Amino acid sequence: MNFTPKQKLWIKATLLAGGSLTIMAAATIAPALSKISEAFSHNPDSEFLSRLILVLPSLIIAIAAPFMGYIIDRFGRKKLLLTSLVLYAFAGTAGYFLDNLYHILISRGVLGIAVAGNMVTITTLVADYFEGKERDQFMGLQGGFMSIGGIIFVLCGGLLADISWREPFLIYTASMLVFPMVWLILKEPSSLQLSKKPRDILDLEMQDELFSRGKIILIYIIGFIGMVIFYMVPVQLPFYLAEISEVSQFSVGLAIATCTIAAAPTAMLYEVIKSRLSYPLIYAIGFLIMGVGFIFIGNAYTYPQVITGLLISGLGFGFMIPNGMVWLMSLAPVHMRGRLIGVLNMSMFLGQFFSPFFTEPVSNETSLGFAFGLMGGVMIIISIGFIGGNKRLSDPSLV
């Protein structure tokens with residue numbers, strides 16, 4: 001699609017604002033987890049259910065994302081995005097008004113549906129509107145902007161959680177600020193007309209898709225594993241900090257935000273890094289840095305030491321999401337773009353949901369510190385694997 005520079009600027013601003021809502025879906029209430037657990041302490045499973053409040057949207061996003069991808073490939077992007085923004089505000093703020101932990105969980109499930117629609121549509125629109133280096137640059141910019149948004153939302157959530165565990169839920173009304181931007185600025189991409197291509201062209205695109213299937217599956221697997229490990233930060237860190245130091249809810253929020261603070265500059269530099277390194281090597285560097293950071297966290301005894309480890313791991317995480325998304329976009333046939341991006345989002349959010357199920361048994365048998373260190377070691381092993389497989393994975397003639 002052809003746009004004037006001014007139109008492109010507004011489109012980018014709208015997509016960036018909409019994309020920031022994805023990361024705030026969980027990050028906003030992370031600092032309030034321990035307070036939510038205390039507020040419902042009469043429930044014997046309050047500590048586990050409070051963690052579930054954080055990760056349940058991830059499961060619903062994972063289930064819904066492929067369907068959202070199918071919907072936008074068949075019926076268009078804009079209507080689904082507008083609907084998702086309204087549902088986001090409604091379900092997100094419900095926690096402020098509800099007094100039953102299970103009702104809050106239901107509202108978080110509905111929020112997951114809204115986030116799935118928002119996230120898949122925004123990512124697909126990026127692929128629709130931009131190509132080549134401009135797409136790489138924007139994905140890095142979006143990763144940095146999401147990190148900055150995460151900082152703001154987590155810090156606001158921490159400040160409001162010091163007032164009451166309910167207050168952070170009000171932040172979800174931010175989607176209503178994005179709604180008029182989407183309504184007025186975004187246009188339905190003309191690329192949807194590609195579904196009317198001649199049969200022979202579609203057959204060639206399908207062959208390309210099958211040709212790259214192995215790499216696409218690898219991207220999905222790495223998205224899942226990366227999120228299982230990284231999501232230890234918002235899920236387990238509030239409880240880990242409670243073990244080693246007495247800190248306020250704002251300090252917990254600041255610690256979680258530290259990771260996204262560090263991720264912002266590396267995400268914004270993604271296009272520069274991509275021009276010099278292959279996708280596998282970028283993954284290798286990201287996992288290596290994150291692994292070192294997690295090992296540092298696992299051996300921390302003070303709040304400043306934890307912050308240091310989070311800064312290190314955040315630098316690595318800044319590469320991860322842009323790299324997976326851009327690599328997939330380079331492999332995905334246009335007529336299946338929404339569905340393939342939807343499955344990638346599914347794999348990442350399944351990783352978020354299953355994070356406590358993988359890490360909780362380890363921490364229960366040992367300690368949270370050991371669990372962080374162990375996951376750091378796993379990431380270093382993955383990094384070595386990408387270095388060893390770089391030549392094969394970078395060869396366009398190989399699946």
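## Salt bridges and a helix pair in a predicted model

At a relative accessibility of 18%, Arg166 counts as buried, because the value falls under 20%. This residue belongs to a predicted model, and its side chain meets that of Asp99 in a salt bridge, with 2.2 Å from N to O. The bridge connects distant parts of the chain: Arg166 lies in the loop between α6 and α7 (175–185), whereas Asp99 lies in the loop between α4 and α5, 67 residues apart. Asp99, at 59% relative accessibility, counts as exposed.

**Salt bridges**

The count of salt bridges in the model comes to four. Three of them, including the one just described, are set out below with their N to O distances.

| Basic residue | Acidic residue | N to O distance |
|---|---|---|
| Lys8 | Glu134 | 2.9 Å |
| Arg77 | Asp128 | 2.8 Å |
| Arg166 | Asp99 | 2.2 Å |

The side chains of Lys8 and Glu134 form one of these salt bridges. Here Glu134 belongs to helix α6 (residues 132–163) and Lys8 to helix α1 (residues 5–27), so that the pair links distant parts of the chain, 126 residues apart. Glu134 is partly exposed, with a relative accessibility of 25%, and Lys8 is likewise classed as partly exposed, with a relative accessible area of 23%.

Arg77 and Asp128 form another salt bridge. Arg77 is located in the loop between α3 (46–75) and α4 (78–97), and Asp128 in helix α5 (residues 101–129), with their positions 51 residues apart in the numbering. What are the relative accessible areas of Arg77 and Asp128? Arg77 has 2% and is buried; Asp128 has 9% and is also buried.

Salt bridges with shared partners also join Lys8, Lys12 and Glu134 into one network.

**Packing of α9 against α13**

Helix α9 (residues 213–230) and helix α13 (residues 279–298) have axes that come within 12 Å and cross at roughly 15°. Because angles under 35 degrees count as roughly parallel, α9 and α13 are classed as roughly parallel to each other. The crossing in which α9 passes α13 is left-handed.

Which residues of α9 and α13 make the contact? On α9 they are Ile219, Ile222, Gly226, Ile229 and Phe230; on α13 they are Tyr283, Phe287, Met290 and Phe294. By class, this contact of α9 with α13 comprises eight nonpolar residues, one polar residue and no charged residues. Gly226 of α9 is among the contacting residues, and Gly is counted as polar.

Note on methods
Residues numbered from 1 in each chain as written. Predicted model: local features only at pLDDT ≥ 70, side-chain atom pairs only at ≥ 80, totals over all residues. Heavy atoms only, no water. Helix = DSSP H or I, 4+ residues; strand = E, 2+ residues; numbered from the N terminus. Buried < 20%, exposed > 50% of the residue type's maximum accessible area, 1.4 Å probe, protein only. Axes fitted to C-alpha atoms, helices over the stretch in contact; angles between N-to-C directions. Parallel < 35°, antiparallel > 145°, perpendicular 65-115°, else oblique. Left-handed = near helix turned anticlockwise from the far one by under 90°. Contact = heavy atoms within 4.5 Å.
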